[in-house]
Amino acid sequence: MVNGDQNRAGPKKKAARGRKKPAAAATGPVDMVQLLTPEGERVSHPEYDVDLSDQQYRDLYRDMVIVRRLDAEGTALQRQGQLGIWASLLGQEAAQIGSGRALAKQDMVFPTYREHGVLWTRDIDPIMPFGLFRGIDLGGWDSRKYRFQMYTIVIGAQSLHATGYAMGITKDGKVGGDDGEAVIAYFGDGASSQGDVNESFVWASVYNAPVVFFCQNNQYAISEPVIRQAKAPLYKRADGFGFPGVRVDGNDVLATLAVTTRAMDNARHGNGPTFIEAYTYRMGAHTTTDDPTRYRDSGEVEAWRAKDPVSRMRTFLERQSIADTDYFDGIDAEAQQHALDLRERVIALPDPEPGAIFDHVYSGGSPLVEREREEFQAYHASFEGSEH
Amino acid sequence: MPKLQQFNLPDLAEGLVDAEIIKWLVSPGDTVELNQPIVEVETAKALTEIPSPYAGEVKTLHHEEGTTVDVGQPLITIDTDPGGASGGDEPPAETGALIGEETADGRTAVLVGYGPKSVTAKRRPRKSTTAPLGEQVAAPVAVSAPAPPQPSPAPAPGSAPIPAAAPGGSVPVLAKPPVRKLAKDLGVDLTTLTGTGPNGSITRDDVQSAVSAPAATARPAVVSGGEERIPIKGVRKFTAENMVASAFTAPHVTEFLTLDVTETMAAVARLKTLPEFEGVKVSPLLLVAKALLLAARRHPMVNSSWDEAAGEIVVKHYVNLGIAAATPRGLLVPNIKNADSLGLRELAEALTELTVTAREGKTSPADMSGGTMTITNVGVFGVDTGTPILPPGESAILCFGAIRDTPWVHEGQVVPRKVTTLSLSFDHRIIDGELGSRFLADVGRFLADPGTLMLAWA
């Protein structure tokens, strides 16, 4: 866990807002928080900053390299028939690592199906979601133990779950101090058009729920560009619901860390929700079932490649002499080892017993389900001993 | 000890049944790394590369380029322990079965809900021992192997395929009612067939190939009685849909112009000698493209499209120039973006790049979208002219015929000159005969005297 120092910027500095350099992709006055430029230059922002040790800087880089390498293994395993589908996070490492490392131990995460990087920051074995993508389990895990809810496939549905959960925290009296609990709900730019997300904004706002809505605007809802979803910058929507919205450079791990830390702390202290729009880009396909060359041109992809979250951090570490070539090589080797280990274990994942489908239907069991289980098992047993 | 690992074609998306081998990226004998791209395949969804699941030495590529392979069929065999002692017919190692292969306990690893077919299509092959690799590979060839076509083929003696049901076994043959009816009508005994459908069920194809059964594996083109049936798919299907859509929505008119292009040929020859054009291909097509671009500037309405939904004609102030290209994948029309803004050398470079990319089969969907006008060069095939069909969304296409030495009246004398025929098809909803004629005449004027017109229109 690393903590940004949210008290660094005092109110007097607020006057400077607006004179700061405008956001990269701006039309009109769009403010985007950035602490590390695509060229790896450390810049300041009047409201947000991080105060990290060299080790913490290196750790953020390590996180990003490892999750990128694990993600590449996921894509390869799908192409090799070991997974039914894979949703790649390539390009979104900074948004996920920065926000994930901003969370406190007691916080609860409501992810989409792409949050492999956030999962990593919760110190969860990265193999956990692979059963879901391999089609051998339903992606159910002990969300209380990991403080990380199930991957949600239904677009935007988890924003409602997160808001309800956050309202529950308030009712339990667990907000209002440094050790208060807060909730983060992840979703994408496409989900911002969903009724669920907008409804959750209403509830979170009027109930002052301790929830942070973290939207990774990766520019595409599968093939639909964000310009077909929103005519105004997404973060400005929060104004209409009555809580703050911030756009952060989603390819800048320091900025996402700073902004998310502040928002989570606000939530845990009882100051209500925040909407964070992490402005980023999905470098790969929506999932392995998609071919992005059919709806976006390579020039656009190349332009975003120049803003790569990992290489800008590496440049920064090199320039500041925080890390050297030996260190980078060591991290690459470590990432490779993690990937090979993951591959081996994914391939060895056992198929479920056919009867497993009846498990967990009711917590206390049910005579009807038990009868069906027996029928099903008898049916299966009828094939035993037959050659085919 | 050599350890042969066979990799079967996986379902690359959700519910795909086959993929076409576009290009092998490795050859037998090559050493491959884990996750190194080994083959480029095209599915109904995408052109994609498959990374190797094993490190080792490539032993066998199971299909030629251009073949359509069913999901679950063998793709490649890799020796993961080359340099080991002899014994190429060792059974595959049992470290983690791939989808569609058998695990050590004899169960077939199948993704829930995806159900790729296995070649031998065993139903629930539990407890069976893993077949030696040689046998597995041989299986597709042996499927319905009986040599002479017979209405009711007997199973090949001692052959590898395992029938969908053991004779006299307790498990009934799996086949859908219409397939049963077909088999009955054709006199085929279902118990003698090997099912290739889900769970080893017998499909319509299985029954038909049992009847017409010569060489068995020819799935894409089943030969029977002197006809060949080629499945309509991929680029062919796409081309057909576009042609039909265009031919039946845009009322086409075609005009022809035969002209003397001796000056154009001379200009091509001179350009080739200029240092500015060193290293690029200068062809008559380049000047035809330039003529089209300059004429389009003089007649902007030609470079437009009909937006039925909006009730508007969209006049484009840029030209994305399409070039129809015959490629190994079929007819592709990649285009040069903003071709009107390019100088002649840049245009030549863009033409070369486009052609090379198309021939290599690397044209991306982005290269093919957004075209505004097109040239089709049938002259390269020695043909004089044609009446091309408009690419959907475009309103003019120029057809460039062969250039021939022809007796021609030139300055009052009949002399041999370089003569060609241009034809222009256009969308009569937007372009009237007058505009189409003026446009085509301008293209012709340029090609008759490119030097002067280049100055006049610059």
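Trainee: What percentage of the 388 residues of chain A count as buried?

Mentor: In this predicted model, chain A has 13 helices and 8 strands, and about 16700 Å² of the chain is exposed, with carbon and sulfur atoms supplying 52% of that area. Taking a residue as buried when its relative accessible area is under 20%, the share of the 388 residues of chain A that count as buried is 56%.

Trainee: How many of the residues of helix α2 of chain A are buried?

Mentor: Helix α2 of chain A spans residues 93-100 and is mostly covered. The buried residues include A:Glu93 and A:Gln96, along with A:Ile97 and A:Gly100. For this helix, the number of buried residues is 8 of 8.

Trainee: Why is A:Val206 classed as exposed rather than buried?

Mentor: A:Val206 belongs to helix α7 of chain A, which covers residues 195-206, and together with A:Val202, A:Trp203 and A:Tyr207 it forms a nonpolar patch on the surface, whose accessible area is about 420 Å² in total. The class exposed requires a relative accessible area over 50%. A:Val206 is therefore exposed, because its relative accessible area is 61%.

Trainee: Among contacts in chain A between residues at least 6 apart in sequence, what percentage join residues at least 24 apart?

Mentor: The count is restricted to contacts in chain A whose residues are at least 6 apart in sequence, and within that set the ones asked about join residues at least 24 apart. Their share is 75%.

Trainee: Which residues of chain B does UniProt assign to the peripheral subunit-binding domain?

Mentor: Chain B as a whole contains 10 helices and 21 strands, whereas the span in question is 47% helix and 0% strand, with its end C-alpha atoms 19 Å apart. The annotation comes from an unreviewed UniProt entry, which places the feature "domain: Peripheral subunit-binding (PSBD)" at residues 174-211 of chain B.

Trainee: Where in chain B does pLDDT stay under 50, and how many contacts beyond four places in sequence does the model have there?

Mentor: Chain B averages a pLDDT of 80, and 78% of its residues score at least 70. One stretch under 50 is residues 87-97 of chain B, for which the model has 25 contacts beyond four places in sequence. Another is residues 215-219 of chain B, where the corresponding number of contacts is 8.

Trainee: What ipTM does the predictor give the complex?

Mentor: The predictor reports two scores for the complex, of which the pTM is 0.57. The other, the ipTM, is 0.75.

Key: Residues numbered from 1 in each chain as written. Chains lettered and ligands numbered in written order. Predicted model: local features only at pLDDT ≥ 70, side-chain atom pairs only at ≥ 80, totals over all residues. Heavy atoms only, no water. Buried < 20%, exposed > 50% of the residue type's maximum accessible area, 1.4 Å probe, protein only. Helix = DSSP H or I, 4+ residues; strand = E, 2+ residues; numbered from the N terminus. Patch = residues over 30% accessible without salt bridge, like charges linked within 9 Å, V, L, I, M, F, W, Y side chains within 5 Å. Areas by Shrake-Rupley, 256 points an atom, 1.4 Å probe, with all protein chains shown as cover. Salt bridge = Lys/Arg side-chain N within 4 Å of Asp/Glu carboxyl O. UniProt positions renumbered as here; feature names shortened; annotations may be inferred. pLDDT = per-residue confidence, 0-100. Contact = heavy atoms within 4.5 Å.
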